[in-house]
Amino acid sequence: MKGSLQVIIWLFLLVTSTETFSQGYTIKVRISGLHFAKMYLGYYYGNKTFVQDTVKTDVDGLTVFSGNEKLPLGLYVLILPNNNSMEILIGEDQSFEFESNLFDLFKNTKIKNADETEEYFQYQKYLQNQQLLLNNLRLQSNQVKQYPD
């Protein structure tokens, strides 16, 4: 009886400690080409953008956004110097890695350990490609209108 009570107490402590350590957020970001620069994690409220967290990158463009409490689920924005920014969806997976290149954020982005964030990013890439196709079609259409046969 005494042994089973100890097992129950240990299981309770294990479960509660696991929940305690799994809370919060840790977003590791590496932007190659960005050195010793401030980076912001922002969120939207209405038509305004607010800063959730501010960090500075190291010489390799590496930094970590972190906090003790989970972020509310939703759309966030990584704000880099020179008004470069990229929207990210933060879902249940709030401990993940984000890697990109300053010179082409969309093309070179890799996301690890956050399925919802990765899926949203793939959707953004798809929309960007569709916009390029639409622009090309408009250009071709204007050329045809300008020089009819």
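A residue is called buried when its relative accessible area is under 20%, exposed when it is over 50%, and partly exposed in between. Keep that in mind as we walk through this predicted model, beginning with a strand that has two contrasting faces.

That strand is β6. Its covered face carries Met-86, Ile-88 and Ile-90, while Ser-85, Glu-87 and Leu-89 belong to the uncovered face. The general pattern behind such a split is that side chains in a regular strand alternate between the two faces of the sheet.

Now step back from β6 to its surroundings. Strands β5 and β6 form a hairpin, with 5 residues between them. The two are paired in the antiparallel sense over 6 bridges, and one spot to look for is Gly-74, which stands opposite Ile-90 of β6. In the turn, Asn-82 has a positive phi of about 60°.

The loop between β5 and β6 is also where you will find Pro-81. Is Pro-81 buried or exposed, or partly exposed? Its relative accessible area is 27%, so Pro-81 counts as partly exposed. Leaving aside residues up to four places away in sequence, Pro-81 touches Leu-34, Ala-37 and Lys-38. Take Ala-37: 44 residues separate it from Pro-81 in sequence, yet the two C-alpha atoms are 7.1 Å apart in space.

The hairpin is part of an open sheet of 4 strands, in the order β3-β2-β5-β6 and with antiparallel pairing. Strands β3 and β6 stand at the edges with a single partner strand each, so one side of each has no neighbour in the sheet. On average, neighbouring strands here are turned by 30° against each other, direction ignored. Helix α2, residues 115–146, packs on this sheet and touches β5 and β6; the direction of α2 makes about 135° with that of β6.

At the other end of the strand order, β3 pairs with β2 (residues 38–45) in the antiparallel sense over 8 bridges. To find your place along this pair, look for Gly-42, whose bridge partner in β3 is Val-51.

Strand β3 spans residues 48–56 and includes Asp-53, a residue worth pausing over. Which side chain of opposite charge is nearest to Asp-53? That is Lys-38, but it lies 11 Å away. A salt bridge needs a side-chain nitrogen of Lys or Arg within 4 Å of a carboxyl oxygen of Asp or Glu, and the buried Asp-53 has none. What Asp-53 does have is a polar contact of 3.0 Å between its side chain and that of Tyr-25. The side chain of Asp-53 also reaches the backbone nitrogen of Ser-66, at 3.4 Å. Beyond residues up to four places away in sequence, Asp-53 touches Tyr-25, Met-39, Tyr-40, Leu-41, Phe-65 and Ser-66.

Several of those names lead to another sheet. This open sheet has 4 strands in the order β4-β1-β7-β8, with mixed pairing. Its edges are β4 (62–67) and β8 (110–112), each with a single partner strand, so one side of each is left without a neighbour in the sheet. The twist from one strand to the next averages 15°. Strand β1, residues 25–32, pairs with β4 in the antiparallel sense over 6 bridges. Along this pair, Ile-27 stands opposite Phe-65 of β4, and Phe-65 is one of the residues that Asp-53 touches.

Methods: Residues numbered from 1 in each chain as written. Predicted model: local features only at pLDDT ≥ 70, side-chain atom pairs only at ≥ 80, totals over all residues. Heavy atoms only, no water. Buried < 20%, exposed > 50% of the residue type's maximum accessible area, 1.4 Å probe, protein only. Lys, Arg positive; Asp, Glu negative; His and termini not counted. Polar contact = N/O pair within 3.5 Å; in protein donor to acceptor, adjacent residues only side chain to side chain. Contact = heavy atoms within 4.5 Å. Pairing = 2+ DSSP bridges. Axes fitted to C-alpha atoms, helices over the stretch in contact; angles between N-to-C directions.
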